[in-house]
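Thank you all for making the time this morning. I would like to walk you through one structure, so please keep the sequence and the view beside you as I talk.

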Amino acid sequence: MSKPSRTRSLRQLAERKMVRSALVDLDALTIDEGRRLVHELEVHKVELEIQNAQLRDSQLAAEESKERYRQLYESAPIGYLTLDSNGAIVDANLAVSRLLQVPRSRLIGKKLSSFVAPRHQDRWHLARRALECGERRSLEVELSLSDGGALQTQIIASAGSDEEPARATIRLAVLDVTELRSTERALRTAASAASLAEDRERRKLASDLHDDAGQLLSLASLKLRALADRLGDESAPGIRDVEEILTEARRRISSLSFELSPPLLHDVGLVAAAQWLAEDLERRYGLVVCVAAREELELDEGTSVTLFRAMREFLINVTKHAGVAKAHVEIWREGGMARVAVEDSGRGFRPEAGQRGFGLLALRERLGQLGGSLEIVSVPGVGTKVAATAPLASHCTVEGGSQP
């Protein structure tokens, strides 16, 4: 609207208002009253001029602020989108246009769901429903590009406030995490390879301890017996003492080699290794472990070692913290997953209080790399159940890890 037309409109509005108002009878005014009226009008005129100048300054400041926001919005390295109540795009910045490889003019009016990959449609639909209820959401969504490629994105979304339901909007920040996820997968693969290399070194060390050191100790015992036969009965007590020391050393070396890498785990399977572990813990700590398992599971080397270490970690924690002399171990398959659970009726703890050691945190990370999980259920004074889950050999999707 031009300035002259705006002035005429304001004058017409003022004249109509004057008609409805009581007019001042100028003829009845005295000279002093007339002067006072003119003075008031002059003051009012100056006030209006000052207010008009202030309004112009405020309007200019608002336009400058709007321009700064527009430049920040347009030049931001993060993609920004605004959706209407139907999920259609009503505003988008240049970063989103570059991410989706679509001109911004062609984005307006299109539904964001048309870019969401089929396998993530349900995830986006559930997130939209939550946003319509006023929740704030952060989720990972795969978007399909026009060239057939895929874009891994982290979307942070919130619903517009103080708006009518029919005019409600959803505001999104879209971050490209494709390279980050690719790096994470590479790191998981490298971590898995390092873990397997460590397991093989443990197995080699265990074999060396059992075969070399164990055989040398056995040979020393045989030579002591031969020496005792030649020296006669007088030296027998002392030689028997040394022989008992060698026997104990051989037993400890054998136990250590089993802890490093139980041969039963590699030669027979997880269930056999669990039964050996139960016997070892009862002998060393007095903990009676009942193992319930129906069959050996099909596990690759890395998974079987991880589940065995998880089971051993759980049982060692029972001996240290539970305050009981008995624990239960269950090993079973559930769909395409292998599950190992250790349960006790001891002191228990509050999992949310962070009373978990570094060993459990490392296990959670390793199981996550394999595509599994770690679950802890504990009630103070009632007991604890800890379960480790990992894919069976025929269900592993990625070497050394899982699909994200």
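There are 11 salt bridges in this structure, and I should say at once that we are looking at a predicted model. As a general reminder, side chains of opposite charge can pair when their charged atoms come close.

Let me begin in helix H9, which covers residues 270-285. Here Arg 283 and Asp 280 form a salt bridge, and their closest N and O atoms are 2.6 Å apart. The two residues are three apart in helix H9, so about one helical turn separates Arg 283 from Asp 280. Asp 280 also meets the side chain of Arg 284 in a salt bridge, at 3.2 Å from N to O, and because Arg 284 and Asp 280 are four residues apart in helix H9, about one helical turn lies between them as well. Where do the partners sit with respect to the surface, buried or exposed? Asp 280 is buried, with a relative accessible area of 1%, whereas Arg 284 counts as partly exposed at 36% relative accessibility.

Now please move along the chain to Glu 295, which forms a salt bridge with Arg 333, with 3.3 Å between the closest N and O atoms. This pair links distant parts of the chain, since Glu 295 is in the loop between strand E6 (288-293) and H10, while Arg 333 is in strand E7 (residues 326-334), 38 residues apart. Both ends of this bridge are partly exposed, Glu 295 with a relative accessibility of 42% and Arg 333 with one of 36%. To come back briefly to helix H9, salt bridges that share partners join Asp 280, Arg 283 and Arg 284 into one network.

Staying with strand E7, I would like to point out two glutamates. Glu 330 has its place in strand E7 and is partly exposed, its relative accessible area being 37%. In sequence Glu 330 is 57 residues apart from Ala 387, yet in space the two are 9.1 Å apart, taken from C-alpha to C-alpha. Glu 334 is likewise found in strand E7, and with a relative accessible area of 45% this glutamate is partly exposed. For Glu 334 and Thr 389 the separation is 55 residues in sequence and 9.2 Å in space, again from C-alpha to C-alpha.

Let me turn to helix H10, residues 301-322, where a simple check on length can be made. What span should its 22 residues have, at 1.5 Å a residue? The expected value is 32 Å, and the C-alpha atoms at the ends of helix H10 are 31 Å apart, which agrees. After H10 comes Gly 323, and the phi of this glycine is positive, near 75 degrees.

A positive phi also appears at Gln 101, where the angle is about 60 degrees although the residue is not a glycine. In general, most residues other than glycine have a negative phi, so you may wish to look at this position on your screens. Gln 101 lies in the loop between H3 and helix H4 (104-107), and at 41% relative accessibility Gln 101 counts as partly exposed.

Helix H3 brings me to the interior. The structure holds one cavity of 30 Å³ or more, and the volume of the largest cavity is about 40 Å³. Which residues line the largest cavity? They are Leu 81, Val 96, Leu 99, Leu 100, Leu 112, Leu 143, Leu 151 and Val 174. Helix H3, residues 94-100, supplies the largest share of that lining, namely three residues. Sorted by class, the lining comprises eight nonpolar residues, with no polar and no charged ones.

Last, the aromatic rings. The structure holds one aromatic pair, formed by Tyr 73 and Tyr 80, which are stacked at 5.9 Å centre to centre with 20 degrees between the planes. Why is Tyr 73 counted as buried? Its relative accessibility is 11%, and buried means under 20%. Tyr 80, by contrast, is partly exposed, because its relative accessible area of 29% falls between that limit and the 50% over which a residue would be called exposed.

Thank you, and I am happy to go back to any of these places.

Conventions
Residues numbered from 1 in each chain as written. Predicted model: local features only at pLDDT ≥ 70, side-chain atom pairs only at ≥ 80, totals over all residues. Heavy atoms only, no water. Expected span 1.5 Å × (residues − 1). Phe/Tyr/Trp six-rings, centres within 6.5 Å; stacked < 30°, edge-to-face > 60°. Buried < 20%, exposed > 50% of the residue type's maximum accessible area, 1.4 Å probe, protein only. 1 Å grid on protein atoms, 1.4 Å probe; cavity = no way out; pocket = protein on both sides within 12 Å on 5 of 7 lines; lining within 4 Å. Points joined across faces, edges and corners; volume = space filled by probe spheres on them. Nonpolar A, V, L, I, M, F, W, Y, C, P; charged D, E, K, R; others polar. Salt bridge = Lys/Arg side-chain N within 4 Å of Asp/Glu carboxyl O.
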